Structure formats: structure tokens, C-alpha cells
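Please summarise the nonpolar cores, one helix and one sheet of this model.

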Amino acid sequence: MKGFQYLIIADELEKLINTEVYPVGQKLPSLRLISLRFQVSIGTVLKAFVLLIDKGLILGKERSGYIVLRRSVLKADLPQSSKTISAATEVRISPVLQKISRENQEHKSFVSFFNAILDVGLLPLNAIRRSLQHASRDLTGAHLLYEEANGNPLLRQEIAGRSFRWFGALNADDVVITNGALEAVSLCLRAVAEKGDTIVVETPFYYGILQTIEALGLKIVELPGDTFSGIDLIQLEQVCEEQRVAACVLISNFNNPNGAMLSDQKKQDIAAFAKRKKIPVIDDDIYGDLHFDPERPSNIKSYDADGWVMLCSSFSKSVAPGYRIGWCAPGRFTEKVIRLKAVTNVATASVVQLSLLQLLNTGAYDRHLRRLRPELHKLMLLTLQAIEEHFPPETKVSRPKGGLVLWIELPGGVDALVLHHKAIAKHIQIAPGTLFSNRGDYTNYIRISCSNLWSKRIELAIQQLGNLIKDQMMKNKN
């Protein structure tokens, strides 16, 4: 726990600032007083203060100590969620996505808030380089051969051992290595559902999973998800009583796009529901390692005692997108998922699995995460502060406790697709809210990624977005 002491201190001070124990403009206690309070060195306290400075919450003044600049909790309300449960319908998200993707060409002149991927400057480049060199030094040539369909056994063991961190108890045979989390979700869906079956998902929901469901010819029921607490269990029970549901696909931690995190009790209740109803629950916990609180949150699989929860995750969001290393723990459906993996693409690339194994078992991955999480939290807070400053006051914004994205409800009458087109003309890319619902909901919502390294260019892009929104509001009034 020693390595996390400065994070705990920074978190405690941030809470005191947010609750206005130390309001804006007031001086914080001295380094010495805080070191005595937490029984740590002054160097550890200074490290916590530097983190708060980086977040833009405090400012050090010569001979005056550290002054509170702003709170990290905004005055803006949370975005509203849909209130209605959809009927079971076929998914038709691809036409909208294809249209936006054609306009969303990557170019150096663009500031992209579209994709939820880490900026290259946030990747552990040196550690990755060393791990790839280590993986390719194997004189036996094992890194050039096909791997087992379910993945390298040592990598599976390493991932299984990490389940202790989210209160799980996996072993190597429970884990299947995949090409990213989307393949993990796709394999799990194929293992438990057939074309025409109905799947329950939360709304709003990640468009990539919606597109995967569409490709498999499945129908979906969209269940309203609260921005803070996620789905309503009573509604979930109601839907599964009224119609035949093949599976549920949920995101237990930091839902993409609205950032909702299910409570431990709700995760436990969903696992119990899956067992009682014998309905598989696919839990996409891709952002679980990117938490801002000191401890990693549990997931639905943490409470699964009978194999009805199929956990999916990936290292694409935390190490490098190009690794394309995902994995799943499909519970009672493991053998079927392995067979499907084998006939889909034989196995995941051996050399990348070996490289990731090196990052995990040398501790490089954990050291990277300890640096990455505070940086991501800082980037999200800076983005929130810029939105509060430059967007209309009626704007509502999510407050995720982890992950890479913000969900933003714009004032009524603002068309996010129109905003998207206007932003493209300014070389700014955003994700319109209609991508995150099969019903075309969220027409005045956008998702913004907070994974770009902060710069004046990023802040200016947010200011330009705010101006475009205000211009559209003015036109609507005239």
C-alpha cells in the first residue's frame, strides 16, 4: 500500500476541497501538518500536492503555501437517461456509424475526441519495446508458431492470478485469450445465442457492441441505464419475465458512454439473477483497471458461483490499442467458446501474447497503471473544467470514477449530428449520441474522449465546440 499513499492523501484532500472544508481561495494546511496527520514523509505529501496541482485544483504560491483554485465536482447536473424500455428489435446501427466513420478520417490536423484510446504519449513505450525484444529472443521459435486456441497457458495463468484484485478466483483453464474485447463479447454471444434471439443491453451503450450484435443477427431490448447507478434490476426482471431472453450484455464498471458504475450490491444481485433465471450475463469490464479510486472495483463475475456470468476484458485500453489482446472467462460455456475461437481464427498472435506476459510478470504493467490512472483522472478533470467554462450553463455532464470518456447532454434543441458536421469543418471530431442507441435516441448528446495529452490545442478545441453549440442555440431562437 506504500506506493499508493500519495494517491490516498490526494484523494482525501480533494474530498475536503469538494465539500468546501477548504473553499476556493483558502490555503491548505502545510506540508508538515499533513505529513503528521497521515504519518508519512513530507516528500510523499509533496507528491500528493503535485498531483492536485496537475489536476488544476490547487496552486502553490511562494511564501503563501498552497491555495485552492477550484473544486473537481462541477455544479452541472448529471445527464438524464432514457425512461422507456424498448421492444425487441433488430439492430440497425451500421448505416449511422458508416456515415460518421467516413467523415471521421484520421489526420494530424484534427483534434479527435471520437475514439476512446490512449494518446501515444500515455503508452509505456520503453517497456513495450523491451517486452517485444524479449519475446522474439526465444531460440526455439515458439513465438513464430500457432498458440493454443485458448491462449498461452502462462499468460492465462497470469491473468487468472490478477482476478484476486477484483475479488475473483479464476484459474488458467477459466481464461480464453482473444483478439480484443469485442471478439471476446462476440464469441460469448455466439456461444449462448442464435440468430433472431433477444439480448438485453443497457442504454446508452457502446456502439461497437451494438454493431457486433447486429452482425450476429440478434435482436435487442434496450434497458434504461441511470448515469450514476446503471440499470434497474426490477426492470431487468420484468423484461426477462415477459419475453425469452438469450443473454444480457452489461458493463459493470464505467459504462461506455455514460460512465455508470454498478454498486457491489447490484453486481451481486445480477449474478444471483443470472443463476436463478439461468440467463447468461456477459460483463464487459474493459475499463476496470482504469479506476480513479485507490482500490480496483469488483465486477459481476466477482459474485458468480455457478458459471452464468461471462466476463470479458482487454489490455487495449490500458497498454496499447495495437496489441489487440483481450480475454474472457466464459464460466460454464468455456469449452464452447474455445471451439468457436479455434474455428474463427485459430488463435491470437503468439509473439504479442508473450510480450504482454513479460509486461505482467515483471511488474511493468502495474508500474504503468500507477502512473496512468492519476494522469487519466487529471485529463478528465481538465476536460470537465474546460466544458464548464466554455459550454452553455445548461450543459449536463457525467462524473465517471474511471475510464476514458465523458457523456454530455447538450441543451434541448441542439442537434448533435449537426454539431458533428460543424465540428468536422473545424477539424474537431466528436461522437454523436445517436451512435449509442439503436432507437436513435440521444440526439442532443455527445461523447468526448479524455485520453489526449492536455495542451492549449485541446483546450481551444473544447472552446470551439462550446462556440458551435452556442451558435446553434442562437439560430434555434431566431
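The report below takes the cores, then a helix, then a sheet.

This is a predicted model, in which local features need pLDDT of at least 70, side-chain atom pairs count only at pLDDT 80 or more, and totals for chains, interfaces and linings use all residues. Residues are numbered from 1 along each chain as its sequence is written, and side-chain values use heavy atoms, with hydrogens and water left out.

The largest nonpolar core (buried Ala, Val, Leu, Ile, Met, Phe, Trp, Tyr and Cys joined through side-chain atoms within 4.5 Å) has 69 residues, and Phe 113 and Trp 327 have the most contacts inside it. Helix α13 (a DSSP run of H or I, at least four residues; strands are E, at least two) gives the most to this core. A second, separate core includes Val 192 and Trp 407.

| Core | Residues |
|---|---|
| Largest | 69 residues |
| Second | 63 residues |

In helix α11 (residues 334–345), the buried residues (under 20% relative accessible area, 1.4 Å probe, protein chains only; exposed is over 50%, partly exposed in between) are Thr 334, Val 337, Ile 338, Leu 340 and Lys 341. They lie on the same side of α11 because they cover an arc (of directions from the helix axis to the C-beta atoms) of only 165°. Glu 335, Arg 339 and Val 343 are exposed on the other side. Val 346 follows α11 and has a positive phi, near 70°.

An open sheet of four strands runs β13-β14-β17-β16 with antiparallel pairing (at least two DSSP bridges between two strands). β13 and β16 stand at the edges with a single partner strand each, so one side of each has no neighbour in the sheet. Pro 432 has Ile 446 in β17 as its bridge partner.
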